[in-house]
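Visitor: Could we slow down and take a close look at just one part of this model? I'm new to this, so please explain the terms as you go.

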Amino acid sequence: MNQSIIFIMIMSMMRLTVPIIIAALGNMYCLQAGIMNLGADGMMIAGAFGAALTTYFTGNVWLGVLVGVLAGGIIGSLHSLICVEFGGMQNVSGLGLNILAAGVTTFLCRTVFKSNMTPSVKNMFTTPVLAGIPVIGDLLMQFSPIFYIMIVLSFISWYVMAKTVAGLHIIAVGSDPRTTETAGINVWRLKHICVITCGLMTGLAGAYLSLGQLDRFVEGMTSGKGMLAIIAVTIGRRKPLKTVAAALVFGFFDALQLQIQIKNVLDLPPELILSIPYVVAVLALLFGSSKSMDKVNLNPYVKNKYEF
Amino acid sequence: MRIKIRGISLANIMTPFVIIAAAMLITSALIMTTGANPLNAYYHLLTGVFSNIIDTINRTVPIAFTAFAVALGIKVGLFNIGLESQFLMGSLASAAAGAYITGLPSAMHVPLCLIVGMLSGMLYALPVTAMFVGKGANLLVLQLLFNSIGTLICTYFIAGPFAGENPAVAAMPRIQATAQQPNLINGPNKLSISILFVILVAFAIWFYLNKTTGGYQLRAVGDNADAARCAGINVKKYHFWVLLAGGGLAGFAGALDVTGNFYRMYGNYSPGYGFDGIPIAMLANGNPLGMVIGAIVFGALRVGSVNMQAKAGVSVEIVKVIQGVLIMLISAQHFVRFLVGKYIKNSERSGKA
């Protein structure tokens, strides 16, 4: 009995953490390159809608995921256009993206489906390919394919940031763009790549929400998960593994909250349990090193051809 | 020679108009993809606003207040996005004070509700402010966290201890008649005295920023905190009080909205007023008159869109799109100003030749 509860908790935590981890890793690149991305929720909702819409009309889940990723990438490229190319205000642009993406998806959803959600579409809750593996196949197939993509992405992110020259370049661009430019690195191209990568990955997280967790798109379905991802990056001090760990903490409390509500074991208001991860994050910010942000230069780095 | 009107270059004056026109154009493209006529949609948006001016003014009030709060932050060099939850806290506290305190005369009950709302907004801003000023914690992320926590707290109170008479609806009980603001215009569309506070506070902020030593020092901190510190200005003091004042303004706005408009607090009370203030304050660059105008535009979009959906068949959600595009363009306003300035220069040159 107890073991099964622990098992359910772990499964539930794994499933709920997937979008947060993917989005957090994407935002890690973005923040490491010196661009604050408050638009993560917008990228995610665009990904979720793109994925659900495409799957509804084509019936192909993988095509849906692709379109979801691209939709996130489009929002990401808007952000990079404004923040990197035009030297705009990152925080305002991010909040604008949230409103814009929420507005466009809701508008299209209402116009196409005359409802605040899409009809049920084909989903990708499980990975039937893995069922053939002996002993653990039954367990492994219970996760969405995106779960495995997430594991690969986590590893790649760790490898890129810790072991490659590109990772060092990203860190350099984020902390001191002027010096980095002097060293012959194309600051803007690298920043563009980081922000668009962030958009693509956050779009994937959104696609997981609408295809891997639910079988449809619902308005406002990200419900602040993008913000959680940003917070996870900040608490993880922009290090891939620490970021994943912070995201797992959020996933754990999300799962805990869900289980307590389903089982109705404790007579606690769900809002109290829901607020635990936020309180933990506040404490982490308070007692953790507050200097982590100082190493990133978030000021826009403007090209010389624009005189303002 | 650059054209200037009362010391402001033409490019600066043109920029807001260019931004609004561009946002309208981009949104038109989206409307056209659905087969509707954008001109028809905008026409019904405008008629919706003009047939309902009182409602527009009522919507303007909370947006103007959050814009003031953001503007104070901008002037001191801080980006304040915690207003959403502070607004909710103000609404919650003043709705509770209005509903559960009985037997007061109206002349005392209304001010009490307003003050309670303002204080609870400030109180909710206090932990974030203390952590930012005292420990140097990341302000942006803290405020995001506190926004989430604040929304949860409100949901809890509305569904739990403060639940209203109808359990099916997530709403608090109606506030006492004594807690309702007196109206300037009675009738089905009532205009409460809230708008007077907007004018008052707009003037007060203009006076403080431009005519007092404190306002001068505040702007000095915003322009260059290091230089201000060298000049002996207490930077932390200004950061602290501006963030608290922001909470107070947002809480006050919530209290005004509850006691002047809806007479109760319900679930999902704020449609994002805390974030509406940000682009307005940015575009107006902290000019109170500009912010009031911006708040009227945003309020009008909200009110007119209902008519637009009914008459032109374009979903109200298009307003979010207009707002989103506006905010995106505002975030790149330096670039837009650069383009406008370049265009003006070029046309002057070709005019001379």
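Which residues of H10(A) are buried?

Guide: Happy to. What you see is a predicted model, where local features need pLDDT of at least 70, side-chain atom pairs count only at pLDDT 80 or more, and totals for chains, interfaces and linings use all residues. Residues are numbered from 1 along each chain as its sequence is written, while chains are lettered from A and ligands numbered from 1 in the order in which they are written.

Now your helix. The buried residues in H10(A) are A:Lys225, A:Gly226, A:Met227, A:Leu228, A:Ala229, A:Ile230, A:Ile231, A:Ala232, A:Val233, A:Thr234 and A:Ile235. "Buried" here means that 20 or more other C-beta atoms, placed from the backbone, lie within 10 Å of a residue's own; with 12 or fewer the residue is exposed, and in between it is partly exposed. That makes eleven of the eleven residues, so H10(A) is largely enclosed by the rest of the structure. A helix, by the way, is a DSSP run of H or I with at least four residues (a strand is a run of E with at least two), and these runs are numbered from the N terminus.

Next, a partner from the other chain. H10 of chain A, residues 225–235, packs against helix H6 of chain B, residues 139–159, at an angle of about 140°, with the axes 10 Å apart. Those axes are lines fitted to C-alpha atoms, for helices over the stretch in contact, and the angle between N-to-C directions can run from 0 to 180 degrees. H10(A) is therefore oblique to H6(B): under 35 degrees would count as roughly parallel, over 145 as roughly antiparallel, 65 to 115 as roughly perpendicular, and the rest as oblique. The crossing of these two helices is left-handed, meaning that the near helix is turned anticlockwise from the far one by less than a right angle (clockwise would be right-handed).

Who does the touching? On the H10(A) side you'll find A:Met227, A:Ile230, A:Ile231 and A:Thr234, and on the H6(B) side B:Val141, B:Leu144, B:Leu145 and B:Ser148. Residues are in contact if their C-beta atoms, placed from the backbone, lie within 7 Å. Sorted by class, this patch has six nonpolar residues, two polar and no charged. (Nonpolar covers Ala, Val, Leu, Ile, Met, Phe, Trp, Tyr, Cys and Pro; charged covers Asp, Glu, Lys and Arg; the others, Gly among them, are polar.)

Let's look at what flanks your helix. Ahead of H10, in the loop that follows helix H9 (187–213) of chain A, sits A:Asp215. A:Asp215 is partly exposed, with 17 other C-beta atoms within 10 Å. Leaving aside neighbours within four places in sequence, A:Asp215 is in contact with A:Ser120, A:Val121 and A:Asn123. There's also A:Thr118: its C-alpha atom is 9.1 Å from that of A:Asp215, though the two are 97 residues apart along the chain. At the other end, just after H10(A), A:Arg237 takes a positive phi of about 50°.

Zoom out, and your helix belongs to a wider meeting of the chains. Here 40 residues of chain A are in contact with 40 residues of chain B. On the chain A side, the elements giving two or more residues are H3 (61–85), H4 (90–113), H10 and H12 (270–287). H4(A) supplies the largest share, 15 residues. By class, that whole side has 25 nonpolar, twelve polar and three charged residues.

One residue to look at in H4 of chain A is A:Val104. A:Val104 is buried, with 24 other C-beta atoms within 10 Å, and, not counting residues up to four places away in sequence, touches B:Leu30 and B:Val321. Within its own chain, A:Val104 is 59 residues along from A:Ile45, yet their C-alpha atoms are separated by 9.8 Å.

Finally, a word on confidence. The predictor gives the complex an ipTM of 0.83 and a pTM of 0.86. For chain B, the mean pLDDT (the predictor's confidence in each residue, from 0 to 100) is 86, and 97% of its residues reach 70 or more. Where pLDDT is low, the predicted coordinates should not be read in detail.

Conventions
Two residues are in contact if their C-beta atoms, placed from the backbone, lie within 7 Å.
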